[in-house]
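Student: Before we begin, may I ask how each label applied to a structure can be justified from its computed value?

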Amino acid sequence: MSPSPPSLRPRKKPVQPRAVETYAWMLEAAAQILEAQGIGAFNTNLVAERAGVSIGSLYQYFPGKDALLVALMRREKARFGEDAAAARDAPDGHAALAHLVSAAVRHQFERPELARLIDIEEARPEVQQEVESASDFRGLLRAALDHADLPPQPNREIAIDDVAALVRLLVDAAGARGESDAQRLERRVLGAILGYLGASPGADGR
């Protein structure tokens, strides 16, 4: 895998508390501008203005708007990963998968416009390469499939890839349609996953 372009990486990471706070303000300002004005209006000057910092301060951390977008994507991926990580404590595979699906749906519905725009930008191959390590979704799926209540798969790695793609496809499509019934979407996604895996519903009917 070729390295990502330097323009997609921050110039430096904040260390001091004040710098960490400023960095966080800039990322949140970027998120708010995307939600309010869309990707077409997104630029570093607007982000600096909304964050209350000089453009020079912003450029200390980010070489351009693409690096800012990637940092925001990594923030969102990390937040999703923190939520999804509780699947490791699930008592069985059905519960683990249910938690992963719930986390994916929550992440989509909390800030739907931001999630939709990030999905579009993340489709760029060089961006995918830069942000894919920000959460361990595949590792969590692998742990879920290790549970004895889920049927063994002929090729577990292919199954993991397919399930991850299925979750993303269904959740992203629901977000693009503007769906708002989280529980209904969770049931639909979990049912599709269990059907693919050849698993029966869990004890609670999921």
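Tutor: The discussion below concerns a predicted model, and it takes salt bridges, burial and the domain interface in turn.

Student: What makes the pair of arginine 75 and glutamate 76 a salt bridge?

Tutor: Their side chains meet with N and O 2.8 Å apart. The cut-off is 4 Å between a side-chain nitrogen of Lys or Arg and a carboxyl oxygen of Asp or Glu, so the pair qualifies. The structure holds 20 salt bridges.

Student: Why is arginine 75 called buried?

Tutor: Arginine 75 has a relative accessibility of 14%. Buried means under 20%, so the label follows. Glutamate 76, at 9%, is also under that limit and therefore counts as buried.

Student: How do you know that arginine 138 and glutamate 157 form a salt bridge?

Tutor: The closest N and O atoms of the two residues are 3.4 Å apart, and this value lies within the 4 Å cut-off. The pair links distant parts of the chain: arginine 138 belongs to helix H8 (residues 137-145) and glutamate 157 to helix H9 (residues 156-177), 19 residues apart.

Student: Why is arginine 138 called partly exposed?

Tutor: Its relative accessibility is 32%. Partly exposed covers the range between under 20% and over 50%, so arginine 138 falls into that class. Glutamate 157 has a relative accessible area of 32% and is therefore partly exposed as well.

Student: What makes the classes of glutamate 179 and arginine 177 what they are?

Tutor: Glutamate 179 has a relative accessible area of 24%, so it is partly exposed. Arginine 177 stands at 54%, and exposed means over 50%, so arginine 177 counts as exposed. These two residues form a salt bridge, with the closest N and O atoms 2.6 Å apart. Elsewhere, salt bridges that share partners join Glu28, Glu35, Arg75, Glu76, Arg79 and Arg111 into one network.

Student: Why is alanine 174 called buried?

Tutor: Alanine 174, which lies in helix H9, has a relative accessible area of 0%. The limit for buried is under 20%, so the conclusion is direct.

Student: Which residues is alanine 174 in contact with, leaving aside its neighbours within four places in sequence?

Tutor: They are Glu179, Leu185 and Arg188. Contact requires heavy atoms within 4.5 Å. The C-alpha atoms of alanine 174 and leucine 185 are separated by 7.7 Å, with their positions 11 residues apart along the chain; the contact is judged on heavy atoms, so that C-alpha separation does not exclude it.

Student: Where are the two domains, and how do you know that they touch?

Tutor: The chain is divided into domain 1 (10-63) and domain 2 (73-199). Their C-alpha centres lie 28 Å apart, and the contact takes eight residues from domain 1 and six residues from domain 2.

Student: What area is buried between domain 1 and domain 2?

Tutor: The area is about 660 Å², of which carbon and sulfur atoms give 59%. On the side of domain 1, Leu34, Glu35 and Ile39 lose the most area to domain 2, together 60% of what that side buries.

Student: How many salt bridges cross the interface of domain 1 and domain 2?

Tutor: The rule finds three, and it also finds three residue pairs in polar contact across that interface. The residues of domain 1 that touch domain 2 divide into four nonpolar, two polar and two charged.

Student: What makes glutamate 28 and arginine 111 a salt bridge?

Tutor: Their side chains meet at 3.0 Å, N to O. That distance is within 4 Å, so the pair satisfies the definition.

Methods. Residues numbered from 1 in each chain as written. Predicted model: local features only at pLDDT ≥ 70, side-chain atom pairs only at ≥ 80, totals over all residues. Heavy atoms only, no water. Buried < 20%, exposed > 50% of the residue type's maximum accessible area, 1.4 Å probe, protein only. Helix = DSSP H or I, 4+ residues; strand = E, 2+ residues; numbered from the N terminus. Domains from an automatic or database assignment. Buried area = accessible area lost by both parts, 1.4 Å probe. Polar contact = N/O pair within 3.5 Å; in protein donor to acceptor, adjacent residues only side chain to side chain. Nonpolar A, V, L, I, M, F, W, Y, C, P; charged D, E, K, R; others polar.
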